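Here is a friendly walk through a two-chain model, from its confidence values to its strands, core and backbone. Have the structure open as you read.

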Amino acid sequence: MSEPVEPDTSRRLSRRHLLWGGAAAAGVGAATAAGVSIVGGTSGSIAPTSSGDATTAGFTPQEAFEGAVPFYGAHQAGIETPAQSNAVFIALDLRDDIDASGLRRLMGVLTDDAARLTAGQPALADSEPELAVIPAQLTVTFGFGPRVVELAGKAAPSWLGPLPAFGIDQLDPAYCDGDLLIQIGANDPLTVTHTARMLLKDARSFALPRWSQSGFRRAAGAENPAATMRNLFGQLDGTGNPSPGTTEFSEAVWSTDVPSWMEGGTSFVLRRIAMDLDGWDKIDRLGREETIGRTLDTGAPLTGTVEGDEPDLEAKDRLGFPVIPAFAHVRRAKENEAANKMFRRGYNYDDTVLTGAESVSNSGLLFAAFQADVDKQFVPVQKALDTLDLLNTWTTPVGSAVFAIPPGCQEGGYIGDTLF
Amino acid sequence: MIRTKKTFSLIAVLAAGALALAGCSTTASTDSDDTMESTATTLTTSDTWVKAIDSGMTAAFGMVENPTDHDITIVSATTSASDMTELHETLENESGDMVMQPIEGGFTIPAGGMLMLEPGGNHIMIMGVTDPILAGDDVTVTLTLDDGSTLEFTAPAKDYSGANENYEGDDEMDMDHGDMDHDDMEMDE
């Protein structure tokens, strides 16, 4: 039966407290595992929390899972935030009848969802609130394609649009472009999935998914979070990235030469790169290292001893040949790098194998890069790799998308509010 | 007593202890002459929302807390979405079905207690909606309390597939519960 709740002390913990227990605790740096409890039925009454719950008593979640990343700020989270173990990138296409007013409503709803979920709270009208209580460093990052900017009647950054066609591309439209990007990252795959489900449900009357790409790194806590990710070729992937929190990072990532609504924003490129693991298997270790110009174990350039060493592109071996070959990936990338590097924040993918296919893998890399200017920082490097890079033998870009990542918002605002 | 359906300019008053993490709008206003005291004088609301709908019936949900030292009864409600609003409770009828019906005497929230308004449970029924309530729209809800004061809050509209409950005396009403089940139809547009 439904009655307002009596002021029983055991019931002073409201549903919010029950469900938000994890977040509230994280906010003060404490761990009240008992606060992560389940609310009783739908009768309108609240189940008292049981501090003696056998599944939570004496259990303290690790920081990687309990911690919440602030949602509001000058920049969106999920860029400078240390990369979480799991991510999904989703592009949506706006329905044909969506206008500027619909766009504002959409971003208001999605922003509210993201703000609550990243804090470890259920979204409003969250029908699975129990799935929301472990924030696990959840971030939700939004990006806009050209149509969104056009709907808002604003000027787009010059680089917003499809990349130039590259000779190595074998693009599948099923992994290209889109009106709205949602990047969701967390150290818990269930948190990622619930967040995606919640946002897509709320976007449904405005926009439908165009593509969705899931990726992973090593599990949170398995290695130093500062370590460079390894891709499925076994290579360190992202060496030389600007370090978050540095001036180098800010200059490389946050856009300056852009329309005012984009100040504090950045650009995002997602390239889905299929990797021929079966072909790579045929290459011995020495050949693999020369292909890249780095050793596989430490990631050091062939001219150095540690990952951070600058590759010496002039160094010659005793026969006078370059130590880092002309076709090496690192040479091609390095020689065409802008003063400001792009910031790579990629993920591996390993999808279900294709029925009847000779290959036993359907795997690759979600090459995700943030940079202040796509044309200055991304395109020149990709052009060089396109014309000569031995790694192309085993890698094929099959998806490509570019989005403008608007700045963050303050509480009471919404992502994209600078457009209106 | 405030009876207008127009949206008021809202004064955001964050309830003591409420987490302000999500930008949810908790607004308490009273038109009585009470001066603000250090102790709570009226109800607070949080996590409020309305199910988006094209027309017909829908409902407002959320949490209402009574931080005061005395019982408070919500006797009626009005909204900016329509002229017809009722306070509904969920009951088991004689045949064992859970049905909703107007609650006699309103919702009484004991001192220090709280009331959950949620799909499948107690809710503020909004009837006779003629202008679509679109996801992301704000609906203003004004509660009238037993002391004559009012409490106003903003409830954003959200698409929601649930909240398709039966209503006691459905057959006698012009609008059946199917009106609330609009989302599925919209999806095909």
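## Confidence in the model

This is a predicted model, so a look at confidence comes before anything else. Chain A has a mean pLDDT of 88, and 87% of its residues reach 70 or more. Residues 8-52 of chain A are a stretch to read with care, with pLDDT below 50. Even so, that stretch has 97 contacts in the model beyond near neighbours in sequence.

## The two chains at a glance

Chain A contains 10 helices and 11 strands. Of its 420 residues, 50% are buried. Taking the contacts in chain A between residues at least 6 apart in sequence, 75% join residues at least 24 apart.

Chain B has one helix and 11 strands. Along the sequence, the order is β-β-β-β-β-β-β-β-β-β-β-α, with the helix following the strands. Buried residues account for 44% of the 189 residues in chain B. Among its contacts with a separation of 6 or more, 64% are between residues 24 or more positions apart.

## Strand 2 of chain A, covered on both faces

A good place to start in chain A is strand 2, residues 139-144. Six of its six residues are buried, so the strand is largely enclosed by the rest of the structure. You can follow this face by face: A:Thr139, A:Thr141 and A:Gly143 are buried on one side, and A:Val140, A:Phe142 and A:Phe144 are buried on the other.

Strand 2 of chain A runs antiparallel to strand 3 (residues 180-186) of chain A, and six bridges join the two. Within this pairing, A:Gly143 sits opposite A:Leu181 of strand 3.

## The nonpolar core

In soluble globular proteins, nonpolar side chains tend to be buried together. Here the largest nonpolar core has 137 residues, and A:Leu180, B:Ala60 and B:Ile124 have the most contacts inside it. Helix 3 (residues 100-118) of chain A gives this core its largest share, eight residues.

What does A:Leu180 touch, once residues up to four places away in sequence are set aside? Its contacts are A:Ala91, A:Leu92, A:Leu94, A:Phe142, A:Phe144, A:Gly145, A:Val148 and A:Ala207. Two of these names, A:Phe142 and A:Phe144, have already appeared among the buried residues of strand 2 of chain A.

## Helix 5 of chain A and its neighbours

Helix 5 of chain A covers residues 189-203, 15 residues in total. At 1.5 Å a residue the expected span is 21 Å, and the end C-alpha atoms are 21 Å apart, so the two values agree.

The buried residues of this helix are A:Thr191, A:Val192, A:His194, A:Thr195, A:Met198, A:Leu199, A:Asp202 and A:Ala203. In chain A they pack against strand 1 (86-94), helix 3, strand 2, strand 3 and strand 4 (207-216). They also pack against strand 10 (150-158) of chain B.

## Two alanines with positive phi

Most residues other than glycine have a negative phi. Against that background, A:Ala125 has a positive phi near 60°, and A:Ala136 has a positive phi of about 50°.

A:Ala125 lies in the loop between helix 3 and strand 2 of chain A, and A:Ala136 lies in the loop between helix 3 and strand 2 of chain A as well. Are these alanines buried or exposed? A:Ala125 has 27 C-beta neighbours inside 10 Å, so it counts as buried. A:Ala136 has 28 such neighbours inside 10 Å and therefore counts as buried too.

## A:Trp280 in helix 7

A:Trp280 belongs to helix 7 (residues 277-280) of chain A. It has 20 C-beta neighbours inside 10 Å and so counts as buried, the cut-off being 20 or more.

Leaving aside neighbours within four places in sequence, A:Trp280 is in contact with A:Phe233 and A:Trp394. For a sense of scale, the C-alpha atoms of A:Trp280 and A:Val374 are separated by 30 Å, with the two residues 94 apart along the chain.

## Strand pairing in chain B

Strand 3 (residues 72-79) of chain B pairs with strand 6 (residues 107-109) of chain B in the antiparallel sense, over three bridges. In this pair, B:Thr73 has B:Thr108 as its bridge partner.

Strand 3 of chain B is also joined to strand 9 (residues 138-145) of chain B, by five bridges and again antiparallel. Here the bridge partner of B:Ile74 is B:Leu145.

Note on methods:
Residues are numbered from 1 along each chain as its sequence is written. Chains are lettered from A and ligands numbered from 1 in the order in which they are written. This is a predicted model: local features need pLDDT of at least 70, side-chain atom pairs count only at pLDDT 80 or more; totals for chains, interfaces and linings use all residues. A residue is buried if 20 or more other C-beta atoms lie within 10 Å of its own, exposed if 12 or fewer, and partly exposed in between; C-beta atoms are placed from the backbone. Helices (H or I, at least four residues) and strands (E, at least two) are DSSP runs, numbered from the N terminus. Two strands pair if DSSP finds at least two bridges between them. A nonpolar core is a set of buried Ala, Val, Leu, Ile, Met, Phe, Trp, Tyr and Cys residues joined through C-beta atoms within 7 Å. Two residues are in contact if their C-beta atoms, placed from the backbone, lie within 7 Å. The expected span of a helix is 1.5 Å times one less than its number of residues. pLDDT is the predictor's confidence in each residue, from 0 to 100.
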